[in-house]
Amino acid sequence: MVPLIALNNGVRIPQLGFGVYQVPEDQVAGAVTTAIEAGYRSIDTAAAYGNESGVGDAIAGVPDLFITTKLWNADQGHDATLRAFDESMRRLRLDVLDLYLIHWPTPKRDLYADSWRALEKLYADGRVRAIGVSNFHTPHLQRLFDEFPTTPAVNQIELHPLLQQEEMRKVHATHRIVTEAWSPLAQGGALLREPDIAGLADKYGKTPAQIVLRWHVQLGNVVIPKSVTPYRVKENIDIFDFELAQDDMLVITELDNGTRTGPDPDRFNAA
Ligand code: NAD
């Protein structure tokens, strides 16, 4: 059973969800259905992933789900945000969304504050149960704290053993923002072949991916691993029957080397 984590407005988010970045529209419904059958209740998509309609097909009529989508950079600005939200809801075929995030701050474009005002309106109107941000650094968050009544419920950031984001996690804890880790497995690859991770996998009788996801959960992160391979989809949720000892958590702490798999939010201004 996946634990639920309370957001700062009392809404509860499953601590583990299913990410669908780079899953093509014609495959996403099958992947999401596999995930739901495996026990996932939270799905993370975005307008930019181009697969919201397929997600909508898979979730239609399924009760008790938690759906997140994100405002794309090109749609930032107050009125454009309201229009983009309506489009996402049409594709997802939802009346009320669980979580809406500003995907990137795109600081050069300087529209994230206007966009946040629109998210506050959507929240006040009852169209979304919680609002948050993604890829925000401390100055971007600080501007929202200074100018708006609502603190983001979530900041979804790149976070994995090679990029542990200690400073951002501290800022989040201070402001009661839930840390949600994207690319929690550092997109597979080198991290999962690390000898220390492999050693822990042997010790606990789990796979490297399960060790990494368990580390996230014990740190208190929300995680949204992605896979389109059914046995991996099942493997990634099968992490709630064991616990890493504190010493073994520290073995993973030692792996932080600042490696990003994605862009630096301070310099990413694509629209
Ligand atoms: P991830 O860290 O979840 O890695 C996914 C890849 O790891 C898979 O494609 C597969 O190659 C491999 N993998 C998955 N499970 C495995 C297993 N059990 N064993 C071995 N290999 C395995 O990377 P991601 O897809 O980039 O991130 C997860 C989700 O985070 C995305 O789908 C998306 O929803 C979200 N995300 C958000 C942002 C953002 O800017 N907010 C950016 C990137 C991703």
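Ala, Val, Leu, Ile, Met, Phe, Trp, Tyr, Cys and Pro count as nonpolar, Asp, Glu, Lys and Arg as charged, and the others, Gly among them, as polar. The exercises below concern a predicted model.

**Exercise 1.** Describe the lining of the largest pocket, by elements and by class.

*Solution.* Begin with the space itself, since the largest pocket holds about 840 Å³. Next, look at its centre: among the 36 lining residues, Tyr21, Gln22, Ser183, Gln187 and Lys226 are the closest to it. Then turn to the elements, where α9 (208-219) and α10 (230-237) are those that give two or more residues to the lining, and α10 gives the most, with three. Finally, sort the lining by class, which yields 17 nonpolar, 15 polar and four charged residues.

**Exercise 2.** Carry out the sorting by class for the lining of the second largest pocket.

*Solution.* This pocket encloses about 270 Å³ of space, and 13 residues line it, of which Met1, Leu4, Pro14, Arg41 and Asp64 are the closest to its centre. Sorted by class, the lining consists of seven nonpolar residues, one polar residue and five charged residues.

**Exercise 3.** Determine how helix α8 is oriented relative to helix α11, and which residues make the contact.

*Solution.* First take the axes of α8 (residues 195-204) and α11 (residues 246-253), which come within 10 Å and cross at roughly 160°. Because angles over 145 degrees count as roughly antiparallel, α8 is roughly antiparallel to α11. The crossing of the two helices is left-handed. In the contact, α8 supplies Asp196, Ile197, Leu200, Lys203 and Tyr204, while α11 supplies Asp248, Val251 and Ile252. By class, these contact residues comprise five nonpolar, no polar and three charged.

Definitions and conventions:
Residues are numbered from 1 along each chain as its sequence is written. This is a predicted model: local features need pLDDT of at least 70, side-chain atom pairs count only at pLDDT 80 or more; totals for chains, interfaces and linings use all residues. Side-chain values use heavy atoms; hydrogens and water are left out. Axes are lines fitted to C-alpha atoms, for helices over the stretch in contact, and angles run from 0 to 180 degrees between N-to-C directions. Helices (H or I, at least four residues) and strands (E, at least two) are DSSP runs, numbered from the N terminus. Angles under 35 degrees count as roughly parallel, over 145 as roughly antiparallel, 65 to 115 as roughly perpendicular and the rest as oblique. A crossing is left-handed if the near helix is turned anticlockwise from the far one by less than a right angle, and right-handed if clockwise. Contact means heavy atoms within 4.5 Å. On a 1 Å grid over the protein atoms alone, a cavity is a set of points where a 1.4 Å probe fits but cannot get out, and a pocket is an open set with protein on both sides within 12 Å along at least five of seven lines; lining residues have an atom within 4 Å of a point. Grid points are joined across faces, edges and corners, and a volume is the space filled by probe spheres set on the points.
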